[in-house]
Amino acid sequence: MRLNKYIAHSGVASRRKADELVEKGLVKINGVTASTGMDVGPGDVVEVDGKIIEPEKKLVYYMLNKPVGYITTASDEQGRPTVLDLMPEVEERIYPVGRLDYMTSGLLIMTNDGDLAYKLMHPSKKVFKTYVAEVGGLLTIHEARRLSAGVKIQGRMTAPAKVEILSQSDSSSRVMISISEGRNRQVRRMFEAVGHRVIRLERISIANLKLGHLKEGRYRKMSQNEIDYLKRL
Ligand code: URA
């Protein structure tokens, strides 16, 4: 098995992160520092950062409705609560698929399946993530079209997005927006690019996987149908 896949199956990191760990010289096979693209065979001992890792046997998949005020990394220098604090009963070493900002709520997939996480996050896979944003001011159809066609953020155009205005007033607008990339603070930056500040942001679906009626702060196991659907994407 490819080294990055082996590491991903162990639940330590996604495949991409695994490659970074290898490049940093933090991975050893049988005591020798590994290089990218190596294979792991039966009986090989793999260490990441001094710890021996083994592929996890049981892959688990949860969906969580992340509330505002939680971070999606496993630990935080500022001691802020993390999404793992909401799931103390889960024994496996799970992590979120992609990120949601501290101030964003909504659908987060939590798993120890590094392969699925990699696939869902990779921009080339064009998995659409849908958000409902409340933004300041009246968002015009012209601005919605600009968002849909692509706007420049961080010096680069965004990929085509699906945009639907749900309601409008002079003081604020509710907008549904689906994006296939996952750039840092992308939705917030896109609205800023057309002159609107995001007041509230919630992710309601990843492809056709929907948050549904799951309450904020609650999580549930994903059904086999949902898991199979994501794997087929
Ligand atoms: N876009 C953002 O700006 N924030 C998120 O949390 C997710 C997408």
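Begin by selecting Tyr-62, which counts as buried because its relative accessibility is 8%, under the 20% limit that the term requires; bear in mind throughout that the model is a predicted one. Next add Tyr-219, which at 24% relative accessibility counts as partly exposed. The structure holds one aromatic pair, and these two residues, Tyr-62 and Tyr-219, form it in an edge-to-face arrangement, with 5.6 Å from centre to centre and 75° between the planes. Colouring by strand shows that the pair links distant parts of the chain, since Tyr-62 belongs to strand β5 (residues 61–66) and Tyr-219 to strand β15 (residues 219–221), 157 residues apart.

Two further rings are worth displaying, each with a charged partner. Select Tyr-102 together with Arg-80, which lies over the face of that ring at 4.6 Å from the centre; then move to Phe-128, where the charged end of Lys-162 sits over the ring, 4.0 Å from its centre.

Now turn to the interior. The largest nonpolar core has 29 residues, and the members that touch the most others are Met-87, Met-110, Leu-139, Ile-177, Met-190 and Phe-191. Elements that each supply at least two residues of this core include β5, β7 (104–111), β8 (129–136) and α4 (141–149), and the core draws at least three residues from each of domain 2 (61–123 + 209–232) and domain 3 (128–206). A second, separate core of 18 residues can be selected afterwards, with Tyr-95, Leu-107, Leu-120 and Val-127 among its members.

Centre the view on Met-110 and, leaving aside its neighbours within four places in sequence, show its contacts, which include Val-60, Tyr-62, Leu-64, Met-87, Ile-94 and Pro-96.

From there, go to helix α5 (186–193), in which Gln-186, Val-187, Arg-188, Met-190 and Phe-191 are buried. Showing the surroundings of these residues brings up their cover, which includes β7, β8, α4, β9 (152–153), β12 and β13. After α5 comes Gly-195, whose phi is positive, near 90°.

The last stop is an open sheet of four strands, in the order β2-β1-β3-β4 and with antiparallel pairing. The strands β2 (32–33) and β4 (51–53) stand at the edges with a single partner strand each, so one side of each is left without a neighbour in the sheet. Within the sheet, select β1 (residues 27–29) and β3 (residues 46–48), which pair in the antiparallel sense over three bridges, and finish on Ile-29, which stands opposite Val-46 in β3.

How values were computed. Residues are numbered from 1 along each chain as its sequence is written. This is a predicted model: local features need pLDDT of at least 70, side-chain atom pairs count only at pLDDT 80 or more; totals for chains, interfaces and linings use all residues. Side-chain values use heavy atoms; hydrogens and water are left out. Rings of Phe, Tyr and Trp (its six-membered ring) pair if their centres lie within 6.5 Å; planes under 30 degrees apart count as stacked, over 60 as edge-to-face and the rest as tilted. Buried means under 20% relative accessible area, exposed over 50%, partly exposed in between (1.4 Å probe, protein chains only). A charge sits over a ring if NZ of Lys or CZ of Arg is within 6 Å of the ring centre and within 35 degrees of the ring normal. A nonpolar core is a set of buried Ala, Val, Leu, Ile, Met, Phe, Trp, Tyr and Cys residues joined through side-chain atoms within 4.5 Å. Domain bounds come from an automatic or database domain assignment. Contact means heavy atoms within 4.5 Å. Two strands pair if DSSP finds at least two bridges between them.
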